[in-house]
Amino acid sequence: QEYLDFRKERSRMLLSRRNQLLLEFSFWNEPQPRRGPNIYELRTYKLKPGTMIEWGNNWARAIKYRQENQEAVGGFFSQIGELYVVHHLWAYRDLQSREETRNAAWRKRGWDENVYYTVPLIRTMESRIMIPLKISPLQ
């Protein structure tokens, strides 16, 4: 009954809702529980239609540049809902660690090439910083 009451109350607060069914890129790490504390960055890329294969092929090569600090949590693409949407989830100790890790990628030979080939595929992009709840396996 408590859950039903919650749903009823929640529906009064919602103005709109969107759902997506996502699949994981095969070359990306499978998300694993993490010890914290961490912050998470969810980067969302809305791609030009017809470019998902090219995006995936480039990232299959590029993911190695972002694995050193185990910051790569997961990479997903939409199958139902808004199509040609990619989500990358990254873990960092804090915002300073995020900046250092991202800057270090630019010093690696080959990272700039990945950016060069993937940026033209993007229509829009968004970055959100998230802090996990205490009940989340991703701390």
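Glutamate 54 is partly exposed, because its relative accessible area is 38%, which lies between the 20% limit for buried and the 50% limit for exposed. In this predicted model, glutamate 54 belongs to helix 2. Beyond its neighbours within four places in sequence, glutamate 54 is in contact with Tyr117 and Leu121. Threonine 118 offers a view of how the chain folds back: 64 residues separate glutamate 54 from threonine 118 in sequence, yet their C-alpha atoms are 8.0 Å apart in space.

Just ahead of helix 2 comes a loop that is worth a look. Threonine 51 sits in this loop, between strand 2 and helix 2. With a relative accessibility of 10%, threonine 51 counts as buried. The side chain of threonine 51 reaches the backbone oxygen of lysine 48 at 2.5 Å. Leaving out residues up to four places away in sequence, threonine 51 touches Tyr84 and Leu121. Leu121 is thus a contact of threonine 51 and also of glutamate 54.

Stepping back to the whole protein, the model has four helices and five strands. Read from the N terminus, these elements follow the order α-β-β-α-β-β-α-α-β. The C-alpha trace spans about 55 × 35 × 25 Å along its principal axes. Of the 139 residues, 37% are buried. Among contacts between residues at least 6 apart in sequence, 83% join residues at least 24 apart.

The five strands form an open sheet with antiparallel pairing, in the order 1-3-4-2-5. Strand 1 (21-24) and strand 5 are the edge strands, each pairing on one side only. On average, neighbouring strands of this sheet are turned by 25° against each other, direction ignored. Strands of a sheet pair through backbone hydrogen bonds, in a parallel or an antiparallel sense.

The individual pairings can be followed across the sheet. Strand 1 and strand 3 (residues 72-80) run antiparallel and are joined by four bridges; within this pairing, glutamate 24 has phenylalanine 76 of strand 3 as its bridge partner. Helix 2 (residues 52-62) packs on the sheet, where it touches strand 2, strand 3, strand 4 and strand 5, and its direction makes about 25° with that of strand 4. Helix 3 also packs on the sheet, touching strand 2, strand 4 and strand 5, with its direction at about 50° to that of strand 2.

Strand 3 and strand 4 are antiparallel and are joined by five bridges, and glycine 75 has histidine 88 of strand 4 as its bridge partner. The hairpin of these two strands has four residues between them, and glycine 81 in this hairpin takes a positive phi near 105°. Eight bridges pair strand 2 with strand 4 in the antiparallel sense, with lysine 46 standing opposite valine 85 of strand 4.

Strand 4 is largely enclosed by the rest of the structure, because eight of its eight residues are buried. Its two faces are both covered: Val85, His87, Leu89 and Ala91 are buried on one side, and Val86, His88, Trp90 and Tyr92 are buried on the other.

Attention now turns to helix 3. The twelve residues of this helix (residues 95-106) should span 16 Å at 1.5 Å a residue, and the distance of 17 Å between its end C-alpha atoms agrees with this. Ser97, Arg98, Thr101 and Ala105 are buried in helix 3. These buried residues line one face of the helix, because they fall within an arc of 105° when seen down its axis. In an α-helix there are 3.6 residues a turn, so residues three or four places apart point the same way. The buried residues of helix 3 pack against strand 2 (39-47), strand 4 (85-92), helix 4 (111-118) and strand 5 (122-130). At the start of helix 3, a side-chain oxygen of aspartate 94 comes to within 3.1 Å of the backbone nitrogen of glutamine 96.

Helix 1 (residues 2-13) completes the tour, with arginine 12 among its residues. Arginine 12 is exposed, as its relative accessible area is 57%. The side chain of arginine 12 makes a polar contact of 2.7 Å with the side chain of glutamate 9.

Key:
Residues numbered from 1 in each chain as written. Predicted model: local features only at pLDDT ≥ 70, side-chain atom pairs only at ≥ 80, totals over all residues. Heavy atoms only, no water. Expected span 1.5 Å × (residues − 1). Buried < 20%, exposed > 50% of the residue type's maximum accessible area, 1.4 Å probe, protein only. Arc of directions from axis to C-beta. Contact = heavy atoms within 4.5 Å. Polar contact = N/O pair within 3.5 Å; in protein donor to acceptor, adjacent residues only side chain to side chain. Pairing = 2+ DSSP bridges. Axes fitted to C-alpha atoms, helices over the stretch in contact; angles between N-to-C directions.
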